[in-house]
Each structure stands twice: as C-alpha cells, then as structure tokens.
Amino acid sequence: MAEAAPTAHEAPFRTPRLGEPAIPFRVRTTMGERNLADYRGRWLLLFSHPADFTPVCTSEFIAFARAHGRFRALSCELLGLSVDSLFAHLAWVRSIEAELSVTIPFPIAEDISMAMARAYGMIHPGDASTATVRGSFLIDPAGVIRMLAYYPMTTGRSIEELLRTLSALQESDASGVSTPADWKPGEEGVLPPPLTVQDAEARKAGGAPAWYYQPQAGAKR
C-alpha cells in the first residue's frame, strides 16, 4: 500500500536519539510561555501524557506533583505536554486541586498542532489515535537528551525510576563512574571497562572481582 507523503504541516515521525541536542520548542503552558532556552543551565524532564481527565494520567500528575521538590533538589524542572488545549489543561489542573486536593506546581504545555509530539516521537505511527504515548526525556543543562523512554497509554510511569536515573546521570557526570543495575544514590558505581591487556591485568592484580568489573566509590557530595 502506498503511503502519503507528509504535508508541510505534518513532519514525519522520528524518534530522538541519546546524545543529540534536544529539539528547540516554544509552547504555551498553564504557567505562561516556555521554550527550550529557558531551561539552559538546569536539567529538564519533558514528559507527554495521552489526555487530560484520564485516570492513569491523573495518577501520574499527582505523583509528579508530590515529587516536585525532589526534582528541584536535583536542579531539574518538570514540563508536561499533551495535544489537549491550554483551556483543557487549566480545567484539569483546577479539577485536580478542587477534587483531589493536589496542586500541580509545574507547567503543562499544549500541542494542538502536534508539531512537538511528532518532533519528539510522542505519537507512534501504528497508533490509531492522536493521543501521545507516555514519552519521557531527560535533557541536561547543555540541552542534550540524556535519557528517553516510552510507556504505553495503559501503564503509568515510575517516578522513583525517573529520579533514580536523573541521580545516576548526575553521578556519572560528576565522578566518571557508571552505575550498575539497581544502583541508588550513595552506593558504589563501577569503572568503565579496561581498554588494554595491561590495564586489565593491573585491575585484576589490584583486587578487582573480575578484570572487567571493578566497583568504585562515586563523587563525594
């Protein structure tokens, strides 16, 4: 079956890649206009949700709101986004506060044209609807994408895992160590693998459990 070429208003689907500069944006949000440059010098967690006034999305926004201070402590701002209108966002935020007693302390961006959703791969080509999947993007202070993840519409994200990943990236930047499976802040990291036979032998002779596996304390905080 032939596929229609994208129109001038419909950019082709593309998934961003780790290590690439984040795609610039300028959006209207529940807290005023925001653009990518506003976040230079800080981390940004940009995340999309399928639709306002839905149960899983509501649970996520409550969890993000409760963890907002923890993200801020790690110099990370939050920016939510969906293809709903700004007016729908405002009504939803007010409803969450009125009915569930939770204030949403971060902005939610509208993307009615779906330009940002397409640029960041938030709408997947095989999906029958225009709702965004649960995309999450950690963008570092230099504007580079350091983590991305997509969850299906039926599955809520783990806020704890996003916080852990943010801490792990900051640890690696600060100390040069990598973080092993299930690492948590304060635990040991691991050194990158040796690149020469001599380095491998020296590492094993120095007491490493294996020449390719050497635990190492991280940066002093």
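**Exercise 1. Identify which residues are linked in a network of salt bridges, and how many salt bridges the whole structure holds.**

Solution. Arg42, Arg72 and Glu77 are linked in a network of salt bridges, a salt bridge being a side-chain nitrogen of Lys or Arg within 4 Å of a carboxyl oxygen of Asp or Glu. A search of the whole structure gives 11 salt bridges.

The model is predicted: local features need pLDDT of at least 70, side-chain atom pairs count only at pLDDT 80 or more, and totals for chains, interfaces and linings use all residues. Residues are numbered from 1 along each chain as its sequence is written, and side-chain values use heavy atoms, with hydrogens and water left out.

**Exercise 2. Describe the surroundings of Arg157, starting from where Arg157 is found.**

Solution. Step one: Arg157 is in the loop between β7 (145-151) and α4 (159-175); helices (H or I, at least four residues) and strands (E, at least two) are DSSP runs, numbered from the N terminus.

Step two: Arg157 is buried at 9% relative accessible area, where buried means under 20%, exposed over 50% and partly exposed in between (1.4 Å probe, protein chains only).

Step three: a polar atom of the Arg157 side chain lies 2.9 Å from the backbone oxygen of Ser48, and one lies 3.0 Å from the backbone oxygen of Gly135.

Step four: the side chains of Arg157 and Glu60 form a salt bridge, with N to O at 2.8 Å. Glu60 lies in helix α1 and Arg157 in the loop between β7 and α4, so this pair ties together parts that are 97 residues apart in sequence. Glu60 is buried, with a relative accessible area of 2%.

**Exercise 3. Compare the salt bridges Arg146 to Asp140 and Glu161 to Arg164 by accessibility.**

Solution. In the Arg146 to Asp140 pair, the closest N and O atoms are 3.2 Å apart. Arg146 is partly exposed at 25% relative accessibility, whereas Asp140 is buried at 9%.

For Glu161 and Arg164 the closest N and O atoms are 2.9 Å apart. Both residues lie in helix α4, three residues apart, about one turn of the helix. Glu161 is partly exposed at 32%, and Arg164 is partly exposed at 24%.

**Exercise 4. Determine how helices α1 and α2 pack.**

Solution. Helix α1 (residues 55-73) and helix α2 (residues 86-100) pack at about 75°, with axes 12 Å apart. Axes are lines fitted to C-alpha atoms, for helices over the stretch in contact, and angles run from 0 to 180 degrees between N-to-C directions. The two helices are therefore roughly perpendicular, the class for 65 to 115 degrees; under 35 is roughly parallel, over 145 roughly antiparallel and the rest oblique.

Terms used. A polar contact is a pair of N or O atoms within 3.5 Å; within protein, one must be able to donate a hydrogen and the other to accept it, and residues adjacent in sequence count only if both atoms are side-chain atoms.
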